[in-house]
Amino acid sequence: VTEILNGGANVSIEASGFASACINAIYCTRPTGRVVQVGLMNESIEIPLNYIVGREIEVVGSHGFCSSDLPDLLGLVESRKIDPSVLVERQVTLEEGARAIQAMDIGSPLGITMITKFPLAGRL
């Protein structure tokens with residue numbers, strides 16, 4: 001990434017929550033760039049602070065959004081200006097969703113896995 005972007009990314013966004021991805025995001029960021037950590041970590045990790053300080057990289061966390069923005073966001077979806085369905089990679093049952101969450105310990109697939117199938121819902 002550093003080579004392709006001629007010195008690194010201006011902004012690196014890490015959303016998986018994997019320690020190795022966070023470290024890679026830092027090393028792929030150009031001097032005076034910014035790393036935005038969105039994915040929550042299961043544990044504390046060691047980050048290359050000397051590298052961050054030496055290259056004057058800003059590291060910020062982002063979790064969620066302001067609830068007052070929700071009506072505007074839903075309005076964009078309702079008006080079809082944005083289509084969140086393009087982010088959904090696959091739709092699964094509740095049982096498959098539980099397995100997908102467990103599988104995130106070994107990797108994170110592209111796109112969103114969404115639990116939309118509830119086979120027992122009609123039996124309650």
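**Figure 1. Glu56, in the loop between α2 and β3.** This close-up, like the others here, comes from a predicted model. Helix α2 covers residues 49–54 and strand β3 covers residues 58–61, and Glu56 sits in the loop that links them. Its phi is positive, about 55°, even though Glu56 is not a glycine. Is Glu56 buried or exposed? Its relative accessibility is 58%, so Glu56 counts as exposed, the cut-off being over 50%.

**Figure 2. Asn6, in the segment before β1.** Here's another residue other than glycine with a positive phi: for Asn6 the value is near 55°. Asn6 belongs to the segment that comes before β1, a strand made of residues 9–14. Asn6 counts as exposed because its relative accessibility is 68%, and the exposed class takes anything over 50%.

**Figure 3. Strands β1 and β2, side by side and parallel.** How many bridges join β1 to β2? There are five, between residues 9–14 of β1 and residues 29–37 of β2. If you want a spot to get your bearings, look for Val11, which stands opposite Arg34 in β2. To get from β1 to β2, take helix α1 (residues 19–27); together the three elements make a β-α-β unit, and that unit is right-handed.

**Figure 4. Strand β2 with its other partner in these views, β3.** β2 and β3 (residues 58–61) also run parallel, with four bridges joining them. Val35 faces a residue of its own kind in this pairing, standing opposite Val59 in β3. Leaving β2, the chain passes through helix α2 (residues 49–54) on its way to β3, and this β-α-β crossover is right-handed.

**Figure 5. Thr29 and its polar contacts.** Thr29 has its place in strand β2. Why does Thr29 count as buried? Its relative accessibility is 0%, and buried means under 20%. What does the side chain of Thr29 touch? One partner is the side chain of Ser12, in a polar contact at 2.8 Å. A polar atom of the Thr29 side chain also lies 2.6 Å from the backbone oxygen of Ala25.

**Figure 6. The largest pocket and the residues around it.** Rolling a probe the size of a water molecule over the atoms shows where empty space is left. The largest pocket holds about 230 Å³ of space. Which residues line it? Going along the chain, you meet Ser16, Gly17, Phe18 and Ala19, then Leu40, Met41, Asn42, Glu43 and Ile45, and finally Ile101, Met104 and Asp105. Sorted by class, that lining has seven nonpolar, three polar and two charged residues.

**Figure 7. Met41, one of the residues lining the largest pocket.** Met41 lies in the loop between β2 and α2. With a relative accessible area of 25%, Met41 is partly exposed; that class runs between the buried limit of 20% and the exposed limit of 50%. For a sense of scale, pick out Val92, which is 51 residues away along the chain. The C-alpha atoms of Met41 and Val92 are separated by 25 Å.

Key. Residues numbered from 1 in each chain as written. Predicted model: local features only at pLDDT ≥ 70, side-chain atom pairs only at ≥ 80, totals over all residues. Heavy atoms only, no water. 1 Å grid on protein atoms, 1.4 Å probe; cavity = no way out; pocket = protein on both sides within 12 Å on 5 of 7 lines; lining within 4 Å. Points joined across faces, edges and corners; volume = space filled by probe spheres on them. Nonpolar A, V, L, I, M, F, W, Y, C, P; charged D, E, K, R; others polar. Pairing = 2+ DSSP bridges. Helix = DSSP H or I, 4+ residues; strand = E, 2+ residues; numbered from the N terminus. Right-handed = clockwise from strand over helix to strand, strands pointing away. Buried < 20%, exposed > 50% of the residue type's maximum accessible area, 1.4 Å probe, protein only. Polar contact = N/O pair within 3.5 Å; in protein donor to acceptor, adjacent residues only side chain to side chain.
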